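The following questions and answers concern the fold, the strand pairing and the charged side chains of one protein. Please consult the sequence and the model alongside them.

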Amino acid sequence: MWHDVASIAEVTEEQPLGVKVGDKDIGLYKVKGEVYAIEDVCPHAYALLTSGFVDGDTMECPLHQACFHIPTGKCTNPPAERDLVVYPVRIEGSKVFVQV
């Protein structure tokens with residue numbers, strides 16, 4: 001099911017956007033003009049990743065410096081021990097839709 005979660009203007013390369021779809025926290029990131037939707041809670045310890053740091057196509061958890069590749073959700077630096085869930089994104093006009 002596709003969910004209308006944000007306006008494309010709300011997601012910038014400098015600042016990700018956290019949204020909630022049902023009981024799922026999802027982070028929206030823009031990298032090189034492309035929007036990605038990724039699980040927003042660090043699998044190591046509860047922290048919203050959208051509150052962390054973004055450097056290019058990598059995000060860093062604000063608590064313990066676990067790092068993840070935004071386009072794939074792949075964990076690139078411990079202490080997290082698993083990859084993040086990546087959700088399909090569709091842009092229609094000025095709206096961002098995420099499939100959950």
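Q: Which side chain meets Glu39 in a salt bridge?
A: This is a predicted model, in which local features need pLDDT of at least 70, side-chain atom pairs count only at pLDDT 80 or more, and totals for chains, interfaces and linings use all residues. Residues are numbered from 1 along each chain as its sequence is written, and side-chain values use heavy atoms, with hydrogens and water left out. A salt bridge requires a side-chain nitrogen of Lys or Arg within 4 Å of a carboxyl oxygen of Asp or Glu. At 2.8 Å from N to O, the partner of Glu39 is Arg82.

Q: How many residues apart in sequence are the parts that Arg82 and Glu39 tie together?
A: Arg82 belongs to the loop between β8 (75-77) and β9, whereas Glu39 belongs to strand β4. Strands (E, at least two residues) and helices (H or I, at least four) are DSSP runs, numbered from the N terminus. The pair therefore ties together parts whose separation in sequence is 43 residues.

Q: Is Glu39 buried or exposed?
A: Buried means under 20% relative accessible area and exposed over 50%, with partly exposed in between (1.4 Å probe, protein chains only). Its salt-bridge partner Arg82 has 38% relative accessibility and is partly exposed. Glu39 has 14% relative accessibility and so counts as buried.

Q: Which residue is the bridge partner of Glu39 in the pairing of β3 with β4?
A: Two strands pair if DSSP finds at least two bridges between them. β3 and strand β4 (residues 34-39) run antiparallel and are joined by six bridges. Within this pairing, Leu28 is matched with Ala37, and Glu39 is matched with Ile26.

Q: Which residue in the turn between β3 and β4 has a positive phi?
A: The two strands form a hairpin, with two residues between them. The positive phi, of about 50°, belongs to Lys32.

Q: Which strands stand at the edges of the open sheet?
A: The sheet comprises four strands in the order β2-β3-β4-β9, with antiparallel pairing. Each edge strand has a single partner, so one side of each is left without a neighbour in the sheet. The edge strands are β2 (17-21) and β9 (86-87).

Q: Which residue in β9 stands opposite Ile38?
A: β4 and β9 run antiparallel and are joined by two bridges. Opposite Ile38 stands Val86.

Q: What is the distance from Lys30 to the nearest side chain of opposite charge?
A: Lys30 is found in strand β3 (residues 24-31) and is buried, yet has no salt bridge. Its side chain reaches the backbone oxygen of Val11 at 3.4 Å, a polar contact (N or O atoms within 3.5 Å; within protein, one able to donate a hydrogen and the other to accept it, and residues adjacent in sequence counted only if both atoms are side-chain atoms). Lys and Arg count as positive and Asp and Glu as negative, while His and the chain ends are not counted. The nearest side chain of opposite charge, Glu13, lies at 6.4 Å.

Q: Which backbone nitrogen does the side chain of Glu10 reach?
A: Glu10 lies in the loop between β1 and β2 and is partly exposed, at 43% relative accessibility. Leaving aside neighbours within four places in sequence, Glu10 is in contact (heavy atoms within 4.5 Å) with Gln15 and Leu17. At 2.7 Å, its side chain reaches the backbone nitrogen of Ser7.

Q: Which residue forms a salt bridge with Lys95?
A: Strand β1 (residues 2-7) and strand β11 (residues 95-99) run antiparallel and are joined by five bridges. The salt bridge links distant parts of the chain, 91 residues apart, with Lys95 in β11 and its partner in β1. With the closest N and O atoms 3.5 Å apart, the partner of Lys95 is Asp4.

Q: Which residue stands opposite Lys95 in the pairing of β10 with β11?
A: Strand β10 (residues 89-92) and β11 run antiparallel, joined by four bridges. In their hairpin, which has two residues between the strands, Gly93 takes a positive phi near 60°. Opposite Lys95 stands Glu92, whose side chain also meets Arg90 in a salt bridge (2.8 Å, N to O). The residue asked for is Glu92.

Q: What is the radius of gyration of the protein?
A: The secondary structure comes to zero helices and 11 strands. The radius of gyration is taken over C-alpha atoms, and the globule rule is 2.2 Å times the number of residues to the power 0.38. For 100 residues that rule gives 13 Å, and the protein is close to this, so it is as compact as a globular protein of that length, with a radius of gyration of 12 Å.
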